[in-house]
Amino acid sequence: MSQKTIAVLGAGYVGLTTAALLAHAEYKVYVVEPNAERLNAIKSGRSFFFEDGIDAIIKKAVDTGTLIPTDSYEQSVPDADIVFSCVGTPDNPDGSSNLSYVFGAAEQSAQLMKSGTIYVQKSTVPVGTGKKVMELLNPGVHYVSNPEFLREGTAVYDTLYFDRVVAGGDDSESVESVLDIYRQLESHRDTIAELAGIPTGSRKGLYISTKLNSAELIKVTANAFLALKISFANSIAILSDHVDADVVEVMDAVGADERIGRAFLNAGRGYGGGCFPKDVSGLISSSIENGVDMDVMQAAQSINASMPGYIVEKIRDSIGSLAGKKVAVLGLAFKAGTSDTRKSPGIKIANILDEFGAEVSAYDPQANKEAKDDLNDGIVLYDSLDPIEDHAAIIIATEWPEFRSFGAQDFESMIIDGGVLVDAVNIYNPTSFSESNLRYIGVGR
Ligand code: UDX
């Protein structure tokens, strides 16, 4: 079998991870990125975002020439047997997905693809989009939807040791060819994991072929369900606050039921990132367009939107007016293990505190640069924890390992006597602060 050539359009989290991994699985891979700064980073053998293990695999693939970074569709697409569209789908102001890059990439590729090319959609799109994209392509090109389930922070691991790969389309042979790419990747996965310096896994993933529209719906449904679990846990957390229960104890026991599962029942400041907020609003928009009631997701969305404000209210209940009080938010990435700050609850909390007149400072071990533009002007960003002393409140908004390792003594110089430690991600054991001069506030405990 001759070596196949793949062109990956867009070098975001999904595109760059996919391209870099396939370049280690006997494919020749072009990664097409129009942004010069991002492209130069990749050419020099690194990613422009923080992601465990990815730099080592980019560097080796670029050095050996199996990964070819370019900004040119003309150079890459005509040479490709398979084209992966991994372009961004930002939010429209009404919450629906902006599909201009999805259609733009298809239009730009349409005239360049040879007959028989498989055009694979990896960008998350509303159900029904594939049929519209197909209208732009020549009849000899096959269209397959192949949704992506990787999480930021564990993108390399998730892509190598997947639970399932889904491919959906009208042409069953093309669907099988796409699944075969992952079978080939699977046969190289331990070697790649070793090179990336990440743990190996043993998961034997499922290969699932579906109808085109089912594949599109699977992706948003999976993310919406996880978001629903989080908002449900947060509703129970608010009730726990009222009735003096501990939501962590509740969810540990509830999640022990195999039918329910413990994952994604961690209450706290709510979900953020590039996927959940967008996929939830995308599913709501698709439902409205089709005249279908999706109140359940609307409720999940509004509970999530209320959590940063709820946490600030808890702080005000505890220390009174925030005007002029020194408070610090630790953790601005939307979760640990990433420098991504899109829709980050930590940033939202910092901005609300600022709007209440507090003197707000903030710190993140990886995401200060990304957070800067979204923080209100008055908020001071620190490069380390050293300047954080004598604060009325410290809010932990991201579960970074370095924060997890803190105990009461670490917070003593940061917080004034009688001040509050606000654990907005419920990572500490509340009883471990009972002997200290600070008060512990969790979410639902
Ligand atoms: C998610 C999906 O998990 C992944 O399968 C999909 O491909 C992309 O979207 P990601 O956005 O990287 O991945 O992060 P994830 O780990 O799912 O967390 C999303 C948000 O939910 C984070 O803000 C996280 O802190 C929050 N979260 C997660 C909770 O608040 N509670 C939980 O129990 C779990």
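**Figure 1. Surroundings of the ligand in the predicted model.** A residue is taken to be near the ligand if its C-beta atom, placed from the backbone, lies within 6 Å of it. Around the ligand there are 20 residues, and those that come nearest are Glu152, Asn266, Tyr271, Gly273 and Cys275. Sorted by class, this shell holds 10 nonpolar, six polar and four charged residues.

**Figure 2. Origin of the residues around the ligand.** Domain 1 (5-210) and domain 2 (243-441) each supply at least three residues to the shell around the ligand. Among the contributing elements, helix α10 (residues 212-243) provides the largest share, with three residues.

**Figure 3. Crossing of helices α10 and α13.** The axis of α10 comes within 9 Å of the axis of helix α13 (residues 295-319), and the two cross at roughly 55°. The helix α10 is therefore oblique to α13. Their crossing is left-handed.

**Figure 4. Residues in the contact of α10 with α13.** From α10, the residues Ala224, Ala227, Leu228, Ser231, Asn234, Ser235 and Ile238 take part; they meet Val296, Met297, Ala300, Ile303, Asn304, Met307 and Tyr310 of α13. This contact comprises 10 nonpolar and four polar residues, with no charged residues.

**Figure 5. The two domains and their contact.** The protein chain is divided into domain 1 (5-210) and domain 2 (243-441). A distance of 32 Å separates the C-alpha centres of domain 1 and domain 2. To the contact, domain 1 gives 13 residues and domain 2 gives 15 residues. On the side of domain 1 that touches domain 2, four residues are nonpolar, six are polar and three are charged.

Terms used
Residues are numbered from 1 along each chain as its sequence is written. This is a predicted model: local features need pLDDT of at least 70, side-chain atom pairs count only at pLDDT 80 or more; totals for chains, interfaces and linings use all residues. Helices (H or I, at least four residues) and strands (E, at least two) are DSSP runs, numbered from the N terminus. Ala, Val, Leu, Ile, Met, Phe, Trp, Tyr, Cys and Pro count as nonpolar, Asp, Glu, Lys and Arg as charged, and the others, Gly among them, as polar. Domain bounds come from an automatic or database domain assignment. Axes are lines fitted to C-alpha atoms, for helices over the stretch in contact, and angles run from 0 to 180 degrees between N-to-C directions. Angles under 35 degrees count as roughly parallel, over 145 as roughly antiparallel, 65 to 115 as roughly perpendicular and the rest as oblique. A crossing is left-handed if the near helix is turned anticlockwise from the far one by less than a right angle, and right-handed if clockwise. Two residues are in contact if their C-beta atoms, placed from the backbone, lie within 7 Å.
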